[in-house]
Amino acid sequence: MLRVRRVRSGDADRLGCRLRAADLREIAAASGDDPLIVLQQCVVWSDPCYAIVDECVDDIPLALFGASPDPVKAGMGRVWLLGSDDLAHYSATFLRHSREWVEKLHEPYPVLWNYIDARNELHLRWLNWCGFRIIRRIECYGPEKRPFYEFEKVREG
């Protein structure tokens with residue numbers, strides 16, 4: 001059974017060595033930085049930041065997610081989620097609760113946004129499921145000069 005809790009010290013280290021291949025590819029294409037350092041930075045900069053865990057194995061995160069305040073665009077949060085392949089074992093539960101957690105991330109931010117690797121078809125479908133929309137395609141993004149999409153979701157009401 002999945003549970004979401006606030007991120008704890010060491011969660012990034014426990015997840016960093018188990019990131020999905022798609023997440024590793026996206027980090028390499030977008031920044032070329034060490035994936036563990038990227039994950040640690042995401043955790044430090046995010047407000048709020050959460051861990052998805054199996055209730056039976058609470059100390060090992062299956063994924064981390066959050067939103068960090070955009071330093072340039074006031075009122076906007078840069079949303080992210082990085083996970084392990086183990087999250088796929090809980091896909092129905094994950095999907096069932098995704099929208100409510102996106103709304104929770106929206107509480108401090110009227111707009112959530114970020115970029116996604118265009119090769120990430122499964123993640124693009126998940127973003128659509130959660131109510132995000134593609135703003136534009138960027139043909140040469142990051143050090144690998146790969147196609148990425150900019151996406152956003154505007155808080156309702």
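**Exercise 1. How many aromatic pairs does a search of the whole structure find, and how is the pair of F65 and W101 arranged?**

Solution.
Step 1. The search of the whole structure, a predicted model, gives 8 aromatic pairs.
Step 2. F65 and W101 make up one aromatic pair, with 6.0 Å centre to centre and 80° between the planes. An angle over 60 degrees counts as edge-to-face, and the F65–W101 pair is edge-to-face.
Step 3. F65 belongs to strand β3 and W101 to helix α4 (residues 91-106); with their positions 36 residues apart, the pair links distant parts of the chain.
Step 4. F65 counts as buried because its relative accessibility is 5%, and the cut-off for buried is under 20%.

**Exercise 2. Describe the pair of W113 and Y115, then place both residues in their aromatic cluster.**

Solution.
Step 1. The rings of W113 and Y115 are 5.1 Å apart, centre to centre, and their planes are at 85°, an edge-to-face pair.
Step 2. W113 and Y115 are both buried.
Step 3. Together with Y141 and F148, W113 and Y115 form one aromatic cluster.

**Exercise 3. Which rings have the charged ends of K73 and R99 over them?**

Solution.
Step 1. For K73, the ring is that of W113, and the charged end is 4.0 Å from the ring centre. W113 is also a member of the aromatic cluster with Y115, Y141 and F148.
Step 2. For R99, the ring is that of W129, with the charged end 3.6 Å from the centre.

**Exercise 4. Is S68 buried or exposed, and what is S68 in contact with beyond its neighbours within four places in sequence?**

Solution.
Step 1. Locate the residue: S68 is part of strand β3 (residues 57-69).
Step 2. S68 counts as buried because its relative accessibility is 13%.
Step 3. With neighbours within four places in sequence left aside, the contacts of S68 are W45, S46, D47, M76, G77, R78 and Y109.

**Exercise 5. Which residues of helix α2 are buried, why do they line one face, and what covers them?**

Solution.
Step 1. In α2 (residues 21-30), the buried residues are A22, D23, E26, I27 and A29.
Step 2. Looking down the axis of α2, these buried residues fall within an arc of 165°, so they line one face of the helix.
Step 3. The cover over the buried residues of α2 includes two helices, α3 (35-45) and α5 (121-129), and the strands β4 (76-83), β5 (111-117), β6 (133-141) and β7 (146-154).
Step 4. To finish the helix, look at what comes after: α2 is followed by G32, which has a positive phi near 75°.

Terms used: Residues numbered from 1 in each chain as written. Predicted model: local features only at pLDDT ≥ 70, side-chain atom pairs only at ≥ 80, totals over all residues. Heavy atoms only, no water. Buried < 20%, exposed > 50% of the residue type's maximum accessible area, 1.4 Å probe, protein only. Helix = DSSP H or I, 4+ residues; strand = E, 2+ residues; numbered from the N terminus. Arc of directions from axis to C-beta. Contact = heavy atoms within 4.5 Å. Phe/Tyr/Trp six-rings, centres within 6.5 Å; stacked < 30°, edge-to-face > 60°. Lys NZ or Arg CZ within 6 Å of the ring centre and 35° of its normal.
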